Amino acid sequence: SYYSGWEDFCNDYPEADRKAYPALFSLPEGCYEIKLTKPLGIAFEEGESQPIPPFHGGVVVDYLVEGGNADKDGAIKPGDVLLATTACMGRDGTFERKVIPSRYLDFDTIMGAIGSNGPKFNKERKNDVILQFARPGAKYENTGDPYDGGQRGITDYLKSLEFPSDSPWLRLTAR
């Protein structure tokens, strides 16, 4: 119920599974994850204004604020597509921080998800957010079978992040 990063998430699975199916325990090629303190210093633009194959939607990095947290980190580049972000929700006197697929969500929903990451929802009381991006040209479709040595594409990866039909998180991501 608390997403602290891709490596921690994968380490919850048995080592035998991670060794047998390495493609399932790594982000797709051309994708990366970053944890940034807010304010991020990223100017996003809606994906509809960009010809990003194979689908439009979501948000794309337009530019980085000079001297901002993203600029200082150096990993994020203009043109990178946001695939997923952490979002936080209080439930039953507790809180959850999950990674939500945001590649095809609308701008306002994505900004709300990023904004929900506050210190009160962080185990260490930090004001950070975890973001997953794809570089331009990253493959959306699998190249081979990920269960048999192939590489997983963005489309397959994002399906692995989808919530079950009875999840309260679906209200946050409903389009």
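E124 is exposed, with a relative accessible area of 56%, and its side chain takes part in a salt bridge with K126, where the closest N and O atoms are 3.1 Å apart. The structure is a predicted model, and the points below move from this pair to the other salt bridges, then to a buried strand and a helix with one buried face. In total, four salt bridges are counted, among them one that E15 forms with K19 and one that R97 forms with D128.

**Salt bridges with accessible partners**

- K126, the partner of E124, has a relative accessibility of 44% and therefore counts as partly exposed, since that class lies between the limits of 20% and 50%.
- The side chains of E15 and K19 also meet in a salt bridge, with a distance of 3.2 Å from N to O.
- E15 and K19 both belong to helix 2, which covers residues 15-20, and because they are four residues apart there, about one helical turn separates them.
- This fits a general feature of the α-helix, which has 3.6 residues a turn, so that residues three or four places apart point the same way.
- E15 is partly exposed at a relative accessible area of 46%, whereas K19, at 63%, counts as exposed.

**A buried salt bridge between two strands**

- R97 and D128 form a salt bridge in which the closest N and O atoms are 3.0 Å apart.
- R97 lies in strand 5 (residues 94-101) and D128 in strand 6, so this pair ties together parts that are 31 residues apart in sequence.
- R97 is buried, with a relative accessible area of 3%, and D128 is likewise buried, with a relative accessible area of 6%.

**Strand 6 and its neighbours**

- Strand 6 spans residues 128-134, and seven of its seven residues are buried, so the strand is largely enclosed by the rest of the structure.
- D128, I130, Q132 and A134 point one way from strand 6, while V129, L131 and F133 point the other way, and the residues of both sets are buried.
- In a regular strand, the side chains alternate between the two faces of the sheet.
- Strand 1, made up of residues 31-37, pairs with strand 6 in the antiparallel sense over seven bridges, and within this pairing C31 stands opposite A134.
- Strand 4, which covers residues 81-91, also runs antiparallel to strand 6 and is joined to it by four bridges, with A134 of strand 6 serving as the bridge partner of V81.

**Helix 4**

- In helix 4, which covers residues 107-115, the buried residues are T109, I110, A113 and I114.
- Seen down the axis of helix 4, these buried residues fall within an arc of 135°, so they line one face of the helix.
- The N-terminal end of helix 4 is capped by D106, which has a side-chain oxygen 3.2 Å from the backbone nitrogen of D108.

**An exposed loop residue**

- E162 is placed in the loop between helix 5 (154-160) and helix 6 (170-173), and with a relative accessibility of 54% it counts as exposed, because this value is over the limit of 50%.
- E162 and E15 are 147 residues apart in sequence, and the distance between them in space is 24 Å, taken from C-alpha to C-alpha.

Key:
Residues are numbered from 1 along each chain as its sequence is written. This is a predicted model: local features need pLDDT of at least 70, side-chain atom pairs count only at pLDDT 80 or more; totals for chains, interfaces and linings use all residues. Side-chain values use heavy atoms; hydrogens and water are left out. Buried means under 20% relative accessible area, exposed over 50%, partly exposed in between (1.4 Å probe, protein chains only). Two strands pair if DSSP finds at least two bridges between them. The arc is that of the directions from the helix axis to the C-beta atoms. A polar contact is a pair of N or O atoms within 3.5 Å; within protein, one must be able to donate a hydrogen and the other to accept it, and residues adjacent in sequence count only if both atoms are side-chain atoms.
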